[in-house]
Amino acid sequence: MSKGVEALKGTWDQINDENMDEFLKELGVGMTKRMAVKSMKPRLVISENGGKWAIRSESSLKTKTVEFIPGVEFDETTSDGREVKTIVRVKGNTLEHTMHGKDGKQCVAVRYVNDQGQQQIDMKCGSVEAHRWFKRVE
């Protein structure tokens, strides 16, 4: 396992995002849910035990945990209710989370610790890109 990926373990609070509304529109998320997402600043808790990873997203509206073994495809229901086939791969210092929706859309989220020590998530769906940044909770 890459040392860079190990750096993702821990607790992180969202501090900023960019282009999330357009990204959520591309996913087909309705206005009401998009407004709710814009108001949330989730806390992420990332852990790994015996090769099985867990990413727990906590907010005032919902807590959701995704558990996975890197390289093994699984069924996932996203926070906005879409049913997707997902695979998470370790690629260098990143976790690459690829989701294939029943609607044929593919979305990719790449998470890593950037040069400022923040967890950065670069997301792409179709031609739309968005970003989120999180700071480590001490």
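Three helices and ten strands make up the protein. The model is predicted. Read from the N terminus, the elements follow the order α-β-α-α-β-β-β-β-β-β-β-β-β. The chain therefore opens with a helix, followed by a strand, then two helices, and then a run of strands, and its radius of gyration of 14 Å is close to the 14 Å that the globule rule gives for 138 residues, so the protein is as compact as a globular protein of that length. Along the principal axes, the C-alpha trace spans about 40 × 30 × 25 Å.

One annotated region covers much of this order of elements in the record. UniProt, in an unreviewed entry, places the feature "domain: Lipocalin/cytosolic fatty-acid binding" at residues 10–112. Within residues 10–112, strand accounts for 55% and helix for 17%. The C-alpha atoms at the two ends of this span are 13 Å apart.

Burial and contacts were examined next. Of the 138 residues, 41% count as buried, that is, under 20% relative accessible area. Contacts between residues with a separation of 6 or more were also considered. Of these, 40% come from residues 24 or more positions apart.

The surface and the charges complete the description. The accessible surface of the protein is about 7700 Å². Carbon and sulfur atoms contribute 48% of this area. The protein carries 23 positive and 21 negative charges. The mean positions of the two sets lie 3 Å apart.

Definitions and conventions. Residues are numbered from 1 along each chain as its sequence is written. This is a predicted model: local features need pLDDT of at least 70, side-chain atom pairs count only at pLDDT 80 or more; totals for chains, interfaces and linings use all residues. Side-chain values use heavy atoms; hydrogens and water are left out. UniProt positions are given in the numbering used here, feature names are shortened, and annotations may be inferred rather than shown by experiment. Helices (H or I, at least four residues) and strands (E, at least two) are DSSP runs, numbered from the N terminus. The radius of gyration is taken over C-alpha atoms; the globule rule is 2.2 Å times the number of residues to the power 0.38. Buried means under 20% relative accessible area, exposed over 50%, partly exposed in between (1.4 Å probe, protein chains only). Contact means heavy atoms within 4.5 Å. Accessible areas come from the Shrake-Rupley method with a 1.4 Å probe; for residues, only the protein chains shown count as cover. Lys and Arg count as positive and Asp and Glu as negative; His and the chain ends are not counted. The place of a charge is taken as NZ of Lys, CZ of Arg, CG of Asp or CD of Glu.
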